[in-house]
Amino acid sequence: QVQLAESGGGLVQAGGSLRLSCAASGGTFSMYAMAWFRQAPGKEREFVAAISRSGQSTDAAYFVKDRFTISRDNAKNTVALQMNSLKPEDTAVYYCAGSRNRYSTTFNASPLRYDYWGQGTQVTVSS
């Protein structure tokens with residue numbers, strides 16, 4: 001059973017940066033495609049970014065492209081989300097997710113594709 005734990009959330013002013021990290025345990029990390037999702041109050045959970053097992057392929061939602069970058073370190077069993085130029089509308093709980101399915105740009109954005117989820121970390125961007 002894979003366990004995921006996010007860290008790095010907090011309060012930041014608009015235009016600032018945060019780096020989220022997700023630590024995995026209990027499984028073979030390199031066998032999982034990984035992703036970040038977020039959920040704002042009153043809204044559905046939405047896809048933010050995904051990365052393939054090797055880290056060679058990445059995908060991101062249109063609203064975070066050129067601002068957020070996903071990366072992973074298979075030696076350390078971690079996946080990170082570097083968030084720059086943050087906006088108030090980025091305020092949400094951010095979740096790390098792992099999938100036994102292969103990375104696929106067709107399906108990356110579907111929460112149903114992911115088998116494991118972290119508890120989430122709050123990101124608040126003030127204007």
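Modeller: A residue counts as buried under 20% relative accessible area, as exposed over 50%, and as partly exposed in between, with a 1.4 Å probe and the protein chains only. This is a predicted model, in which local features need pLDDT of at least 70 and side-chain atom pairs count only at pLDDT 80 or more, while totals for chains, interfaces and linings use all residues. Residues are numbered from 1 along each chain as its sequence is written, and side-chain values use heavy atoms, with hydrogens and water left out.

Biologist: Which word fits Arg67, buried or exposed, and what relative accessible area decides it?

Modeller: The relative accessible area of Arg67 is 10%, which is under 20%, so Arg67 is called buried.

Biologist: What makes the contact of Asp90 and Arg67 a salt bridge?

Modeller: The term asks for a side-chain nitrogen of Lys or Arg within 4 Å of a carboxyl oxygen of Asp or Glu. Between the side chains of Asp90 and Arg67 the N to O distance is 2.7 Å, so the pair meets the definition. The two residues belong to distant parts of the chain, 23 residues apart, with Asp90 in the loop between strand 8 and strand 9 and Arg67 in the loop between strand 6 and strand 7. Asp90, at 1% relative accessibility, counts as buried.

Biologist: Why is there talk of a network of salt bridges, and which residues are linked in it?

Modeller: Arg38, Glu46, Arg67 and Asp90 are the linked residues. Within this group, the closest N and O atoms of Glu46 and Arg38 are 2.7 Å apart, which is within 4 Å, so this pair too is a salt bridge. Arg38 is buried at 6% relative accessibility, whereas Glu46 is partly exposed, with a relative accessible area of 31%. The structure holds four salt bridges.

Biologist: How do you know that strand 4 and strand 9 pair, and how many bridges join them?

Modeller: Strands are DSSP runs (E, at least two residues), numbered from the N terminus, and two of them pair if DSSP finds at least two bridges between them. Seven bridges join strand 4 to strand 9 (residues 92-99), so the two strands pair, and they run antiparallel. In strand 9, Ala97 is the bridge partner of Ala35. Strand 4 and strand 5 (residues 46-51) also pair in the antiparallel sense, over five bridges, and Phe37 stands opposite Phe47 in strand 5.

Biologist: What makes strand 4 mostly covered?

Modeller: Six of the seven residues in strand 4 (residues 33-39) are buried.

Biologist: What makes Asp66 buried or exposed, and where does Asp66 lie?

Modeller: Asp66 lies in the loop between strand 6 (58-60) and strand 7. The relative accessible area of Asp66 is 84%, which is over 50%, so Asp66 is called exposed.

Biologist: Why is the opening lined by Arg38 and Arg67 called a pocket, and how does its lining divide?

Modeller: On a 1 Å grid over the protein atoms alone, a cavity is a set of points where a 1.4 Å probe fits but cannot get out, whereas a pocket is an open set with protein on both sides within 12 Å along at least five of seven lines, and lining residues have an atom within 4 Å of a point. The largest pocket has a volume of about 180 Å³, the space filled by probe spheres set on the points, which are joined across faces, edges and corners. Its lining residues include Arg38, Glu46, Arg67 and Asp90. The lining divides into three nonpolar, two polar and seven charged residues, where Asp, Glu, Lys and Arg count as charged, Ala, Val, Leu, Ile, Met, Phe, Trp, Tyr, Cys and Pro as nonpolar, and the others, Gly among them, as polar.

Note on methods:
Helix = DSSP H or I, 4+ residues; strand = E, 2+ residues; numbered from the N terminus.
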